[in-house]
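Here are my notes for someone opening this structure for the first time. Have a look at it, then read the points in order.

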Amino acid sequence: MAEAARQAALIDKPTWVIAAEQTGARGRRGRSWATARGNLNATLVYHPGCTPQVAAQRSFMAALAVFEALALYIDRTRLSLKWPNDVLLNGGKVAGILLETSGQGPFVDWLSVGIGVNLVHAPDDVLDAAFQPVSLRQEGGPQVTPEVFLADLASAFATDEKKLETFGFDRIRNDWLRHAARLDEVITARTVRDEITGVFEGVDASGNLVLRTAEGPKVIVAADVYFGGGA
């Protein structure tokens, strides 16, 4: 993503940047990790010509694209999507997504969509994760090179971008919800200030998480999600 940011002002069409390995990878809320060779570490950078709010909806598109790319190599019923931007395989985290934008006006200057997929390796030093990391290969999938997988992913993302342009975010949201983990079940959302437990009712038109609680519906903009009544 750092390289994508450096190239953003120089590109005139969507561009994928891929790294063979990373020693300073980062995720949501500044979390860091390292990734070994064999996994996918890629970032799409482009100029979508949209507001920051609409740019943020690309996280759902990215999750769908990862889902469809993985479904080429493993039974799709073993895959699911966790709000806001994780892909699960057999209940473990196989992929994560991070978006970054730049711009001072009403529209973003550029958007980068960072995607990490555990194709071969999963971290073995994550002992307290709510969703233990897994890899495609370790869960019974075939050996797939990052370059081949990126071709599948880029094709799926381009298809979803066209869907967004033609049908709007409702189509993307409905597609995402069809694969959502724990829909209509009790989950817990942990924000920076509190913890909210309720029935996962869905995602609203802005991409926010909607929970049904004893105090009524709660709309959550940003949180870490855990399954069940708490972490």
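**Notes on the aromatic pairs and two helices**

1. Let's begin with one ring. Phe-149 counts as buried, with a relative accessibility of 0%. Keep in mind that this is a predicted model.

2. Phe-149 has a partner. Its ring and that of Tyr-73 have centres 6.3 Å apart and planes at 35 degrees, so the pair is tilted, falling between the under-30 cut-off for stacked and the over-60 one for edge-to-face. Tyr-73 itself is partly exposed, at 22% relative accessibility.

3. Where do Tyr-73 and Phe-149 lie? Tyr-73 is in the loop between helix 3 (58-70) and strand 5 (79-82), while Phe-149 belongs to helix 4 (residues 146-167), so this pair ties together parts that are 76 residues apart in sequence.

4. Next pair: Phe-131 and Phe-227. Here the ring centres are 4.8 Å apart and the planes are at 80 degrees, so the pair is edge-to-face. Phe-131 sits in the loop between strand 8 (110-117) and helix 4, and Phe-227 in strand 13 (residues 224-227), so parts 96 residues apart in sequence are tied together. Phe-131 is buried at 13% relative accessible area, and Phe-227 counts as buried at 19%.

5. The count of aromatic pairs comes to six. Ring pairs also link Trp-16, Tyr-46 and Phe-157 into a cluster. A charge gets involved with a ring too: the charged end of Arg-171 sits over the ring of Phe-167, 5.1 Å from the ring's centre.

6. Now for helix 4 as a whole. Its 22 residues reach 31 Å from the first C-alpha to the last, close to the 32 Å expected at 1.5 Å a residue. Just after helix 4 comes Gly-168, which takes a positive phi of about 85 degrees.

7. Which residues of helix 4 are buried? They are Pro-146, Phe-149, Leu-150, Leu-153, Ala-156, Phe-157, Asp-160, Glu-161 and Leu-164. These buried residues cover an arc of only 150 degrees around the axis, which puts them on the same side of helix 4. The spacing makes sense: an α-helix has 3.6 residues a turn, so residues three or four places apart point the same way.

8. What about the two sides of helix 4? The face turned away from the buried side carries the exposed residues Glu-147 and Glu-165. The buried residues, for their part, are covered by elements including strand 1 (15-18), strand 4 (40-46), helix 3, strand 8 and helix 5 (169-178).

9. Helix 3, one of those covering elements, is worth its own look. With 13 residues, helix 3 reaches 18 Å from first C-alpha to last, close to the 18 Å expected at 1.5 Å a residue. Helix 3 is mostly covered, with 12 of its 13 residues buried. Among them are Phe-60, Met-61, Leu-64 and Phe-67, and also Arg-58 and Ser-59.

10. Finally, step back to the overall picture. The protein has five helices and 13 strands. Its radius of gyration is 17 Å, close to the 17 Å given by the globule rule for 231 residues, so the protein is as compact as a globular protein of that length. The C-alpha trace spans about 50 × 45 × 30 Å along its principal axes. Of the 231 residues, 48% count as buried. And among contacts between residues at least 6 apart in sequence, 60% join residues at least 24 apart.

Note on methods: Residues numbered from 1 in each chain as written. Predicted model: local features only at pLDDT ≥ 70, side-chain atom pairs only at ≥ 80, totals over all residues. Heavy atoms only, no water. Phe/Tyr/Trp six-rings, centres within 6.5 Å; stacked < 30°, edge-to-face > 60°. Helix = DSSP H or I, 4+ residues; strand = E, 2+ residues; numbered from the N terminus. Buried < 20%, exposed > 50% of the residue type's maximum accessible area, 1.4 Å probe, protein only. Lys NZ or Arg CZ within 6 Å of the ring centre and 35° of its normal. Expected span 1.5 Å × (residues − 1). Arc of directions from axis to C-beta. Contact = heavy atoms within 4.5 Å. Rg over C-alpha atoms; globule rule 2.2 N^0.38 Å.
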